[in-house]
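Here are a few warm-up exercises on a protein complex. Grab your viewer and try each task before reading its solution.

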Amino acid sequence: MLRVNNLVVFYGESPALHGVTLNVAQRQIVVALGSNGAGKTTLLKTIASLLKAQSGSVLFRDQDITGIGAHRVVSRGIAMTPEGKHIFGRMSVLENLLIGAVTRRDPLYREERLDYVFSLFPRLKERLKQIAGTLSGGEQQMLAIARALMSGPKLLMLDEPSQGIAPLLVEKIFEAIVSVRDAGMTVLLVEQHVDEALACADYGYILQTGRIIARGSAKELRDGSDMKKMYLGIRPE
Amino acid sequence: MEEILQILLSGLVLGLIFSLVAVGLNIIFGVMDIVNFAHGEFLMVSMYICYWLFVWFGLSPLFSLPICIAALFLLGVGVYKLLIGRILSAPMLTQIFATFGLMLFLQNLALFLWSSDYRTIQDPLIFGKKITVLDGVFLGVPQLAAGAGALVITGLVFLLINKTELGRALRATAEDKEAAALMGINTDRIFALSWGIGGACVGAAGALLAGFYPIFPYVGAVFCTTAFVVVVLGGFGSIAGAFFAGIIIGLVQIGFGSYFPAAYKMAFVYGIYLLTVFVRPRGLLGKS
């Protein structure tokens with residue numbers, strides 16, 4: 001569904017991605033793991049057309065979407081929740097959700113999407129009129145994911161959805177991600193919480209300083225605990 | 001008693017105009033984080049449009065109003081497309097010089113084309129007419145039209161920003177440009193529209209002023225510096241703040257101008273500016 005071919009991206013003077021190739025199959029959760037500075041966020045931002053690629057291409061459903069502009073990427077069916085949530089803090093929860101559906105004008109479709117995201121995160125429905133900036137960290141992340149789902153994406157990209165969230169809510173977020181896949185969408189996830197991410201993912205890539213150094217099914221990556229130690233600096237539990 | 005009422009009334013009318021000018025300035029600033037130093041010159045351009053439409057076609061400024069709104073909307077969009085859009089990622093100083101340079105360019109263009117003469121529009125429809133509000137309290141018809149017009153247009157802009165889909169996209173872009181783009185908002189289009197709407201506001205203000213205020217190449221400076229004070233007092237990015245602050249500044253300017261030598265009236269306005277900066281830098285309704 002998504003094919004990233006030999007992507008090279010510069011962040012200022014220094015390269016952040018040195019030729020990354022990656023595939024995301026339909027109806028799968030694919031996770032990109034790696035420590036800080038590995039290039040995970042750069043990868044998502046380049047797919048979303050927020051950053052320009054030096055070379056390489058991004059194909060989505062067999063169409064070249066490299067650098068077509070962030071708002072057009074959304075219309076093609078890719079939504080992204082950025083790292084650190086970036087909800088619209090001065091607006092209500094409902095307004096945030098409606099902004100998420102800005103590419104969808106049909107009011108009936110919007111109602112449908114609202115019902116869907118409320119079934120995923122019932123708590124948002126209780127907070128509909130609340131100013132988004134006053135929500136807890138976990139609720140803000142739920143809102144960020146719900147907002148991205150409002151455009152009815154075929155591919156949902158999540159940049160560190162578990163960052164800065166209470167452990168109890170992390171579990172809920174991952175449950176929601178699985179449920180999104182089970183509803184027929186495809187998920188590309190970037191994470192530092194390796195164990196939780198691999199527990200729900202189908203396939204994974206490991207990035208280090210802008211290169212893919214390992215790939216495999218989630219099970220293979222889970223079992224290769226030495227590799228995890230080596231490349232991600234994680235102590236086995 | 002009549003004197004105080006008269007001052008309140010005149011201050012209110014002037015204040016409503018200030019509000020409208022400041023709302024336009026604030027929309028551009030809120031969305032773009034760029035201060036349009038040429039905002040006053042947009043006002044001047046609008047007033048000259050009224051003037052020439054009156055001289056050539058005898059068109060009353062009241063009827064020129066929609067033309068000015070449309071023309072200044074286009075001017076705003078044009079300035080964005082030709083100038084501002086090219087320096088979005090440039091250092092702040094470059095952006096300041098760009099709008100400052102535009103200000104000097106428009107002022108000197110007006111001087112070159114139309115000389116430094118003060119011109120007035122003596123529109124037979126409204127000029128010199130006034131209504132009696134109470135015994136001894138009068139309001140000129142041009143001023144009445146300007147005050148009412150500014151109030152209505154500011155209200156419409158407020159509704160546009162707060163109650164429509166487009167306004168929601170504007171506010172989202174103002175809050176977080178990258179997140180707005182990720183939602184599918186064409187931020188470049190929103191930037192252009194913010195310049196268009198900001199221009200339309202000041203275009204309307206120019207047409208409303210043209211009915212009773214002298215028109216000359218530097219007229220923008222009078223209103224623009226005051227509009228900056230209004231924006232600071234009301235709070236950067238706040239439409240409602242700019243509205244109330246505009247009325248306050250209008251009342252202060254007319255009030256103090258009536259009881260103290262007129263030369264000092266701006267001292268009180270800038271006194272408010274300094275007080276705001278020291279005591280409440282985010283302004284009356286600004287976000288911290």
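The exercises below work through a predicted model, with a solution after each task.

**Exercise 1.** Work out how far the predictor trusts chain B and the complex.

*Solution.* Start with the chain: the mean pLDDT of chain B is 93, and 100% of its residues reach 70 or more. Then go up to the complex, where the predictor gives an ipTM of 0.91 and a pTM of 0.91.

**Exercise 2.** Describe the fold of chain B, element by element.

*Solution.* Count the elements to begin with: chain B has 11 helices and two strands. Next, put them in sequence order, which gives α-α-α-α-β-β-α-α-α-α-α-α-α.

**Exercise 3.** Check the radius of gyration of chain B against that of a compact globule.

*Solution.* Take the expected value: a compact globule of 288 residues would come out near 19 Å. Chain B has 19 Å, so the two agree. For the extents, the C-alpha trace of chain B spans about 60 × 45 × 35 Å along its principal axes. Now look inside: 53% of the 288 residues in chain B are buried. Finally, take the contacts in chain B between residues at least 6 apart in sequence; 78% of them join residues at least 24 apart.

**Exercise 4.** Dissect the side of chain B that touches chain A.

*Solution.* First, the head count: 15 residues come from chain B and 20 residues from chain A. Second, the elements: helix 6 (165-175) and helix 7 (177-182) of chain B each supply at least two residues to that side. Helix 6 of chain B gives the most, with five residues. Third, the chemistry: the chain B side splits into seven nonpolar, two polar and six charged residues.

Conventions. Residues are numbered from 1 along each chain as its sequence is written. Chains are lettered from A and ligands numbered from 1 in the order in which they are written. This is a predicted model: local features need pLDDT of at least 70, side-chain atom pairs count only at pLDDT 80 or more; totals for chains, interfaces and linings use all residues. Two residues are in contact if their C-beta atoms, placed from the backbone, lie within 7 Å. Helices (H or I, at least four residues) and strands (E, at least two) are DSSP runs, numbered from the N terminus. Ala, Val, Leu, Ile, Met, Phe, Trp, Tyr, Cys and Pro count as nonpolar, Asp, Glu, Lys and Arg as charged, and the others, Gly among them, as polar. pLDDT is the predictor's confidence in each residue, from 0 to 100. The radius of gyration is taken over C-alpha atoms; the globule rule is 2.2 Å times the number of residues to the power 0.38. A residue is buried if 20 or more other C-beta atoms lie within 10 Å of its own, exposed if 12 or fewer, and partly exposed in between; C-beta atoms are placed from the backbone.
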